[in-house]
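Okay, everyone, thanks for coming. Let's put the model up on the screen and walk through it together.

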Amino acid sequence: MVSSPHEAMHRIFQEYPGLFSRVSEVLGVAIDPPTSVTVMPTDLTENRPLERRVDTLLRIEMEDSEPFLLAIEAQGKKDPDKPASWGYYYMYLLNKYRLQALLLIVCQDRATAEWAARPSVFGSVGHPIITLRPLVVGPHNMPVITDVAEARKDLALATLAAITHAGDPDIGAILKTLSAALREAPEAIADPIVELTAQGLGNRPAAQQWRNLVAVDLSFYTSPLSEEIRDEGRAEGRAEGRAEGRKEDILLFLAQAGIDVPDEARERIMGCGDLDTLSRWLLRAPVASSIEDIFTEE
């Protein structure tokens, strides 16, 4: 079942650990591709009644430099308490693993991204001890990918770009590009992308656009989302079939009773899609003496 955009914005890095190297280029940091990546426990709780969890934590191994930790946080809105939590994450990870860490914040709206990117200074007035500068990606700096060839070159980056641009006016073109890029991708690659994109769009209007694209452009895939869409389609088809049958039965009963059905009344019956209303009309049809008896309010 599809869950929240929050999950998709950080879980995509678990599915595609090498994605951070490409994202770093967008941020102007240029970190080399990893030689290996380990998904780490996200629980940063100490032995006291204060629980803190980072969304995703990865250990990044490099060929020519020391390994480091990458903490990824999905941020949906401004939260004045979060910078202190992020500072805690860094110091905790440094003390526990004795490894340097980077903090990546993933956002879906420009205002939150710009807020998250501001340096947070900790210390007394005039004497900062720690200055926190997280890396931030969002609609303000992620590429708008509407070229299929470009999307095919890096499907993971194209997926993250689509998620971060979920509220973009061009989201329809972005999603169409992504679905077209997935047509020739192996099912094992396409399935998690289909699901992560659906998660990332959440309850936005674009979510239905993506479902429609999955149903049409990617109809040959058998992911949970595509099966859910097909089940909905089959249910809608059955409901439409029942409605059509009741319309025909209403008109048949009226014809058998010799009741004239004007064009306006026929259009009203044939244009109705509500099964409960059609059922009421069907019950009245065998005992009606005029077309008005069908539509009389109870």
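**Helix H6 and its neighbours**

So, the buried residues of H6 are Leu155, Ala156, Leu157, Ala158, Thr159, Leu160, Ala161, Ala162, Ile163 and Thr164. Before I go on, the small print: this is a predicted model, where local features need pLDDT of at least 70 and side-chain atom pairs count only at pLDDT 80 or more, while totals for chains, interfaces and linings use all residues. Residues are numbered from 1 along each chain as its sequence is written, and side-chain values use heavy atoms, with hydrogens and water left out.

By buried I mean under 20% relative accessible area; exposed is over 50%, and partly exposed is in between, with a 1.4 Å probe and protein chains only. Helices (H or I, at least four residues) and strands (E, at least two) are DSSP runs, numbered from the N terminus.

Back to H6, residues 155-164: 10 of the 10 residues are buried, so the helix is largely enclosed by the rest of the structure. What do they pack against? Helices H1 (5-15), H2 (19-26), H5 (148-153), H7 (171-182) and H8 (187-201), plus strand S4 (101-107), with contact meaning heavy atoms within 4.5 Å.

Right, salt bridges: a side-chain nitrogen of Lys or Arg within 4 Å of a carboxyl oxygen of Asp or Glu. The whole structure has 6 of them. One joins Arg22 to Asp154, with the closest N and O atoms 2.5 Å apart. That pair links distant parts of the chain, 132 residues apart: Arg22 is in helix H2 and Asp154 in the loop between H5 and H6. Arg22 is partly exposed at 29% relative accessibility, whereas Asp154 counts as buried at 16%.

Then there's Arg11 with Glu15, 3.2 Å from N to O. These two sit 4 residues apart in helix H1, so about one helical turn separates them. Arg11 comes out partly exposed at 22%, and Glu15 is partly exposed too, at 38%.

Glu73 and Lys82 also meet in a salt bridge, again 3.2 Å, N to O. Here Glu73 is buried at 1% relative accessibility, and Lys82 is buried at 18%.

That's what I have on H6 and the bridges. Where should we look next?
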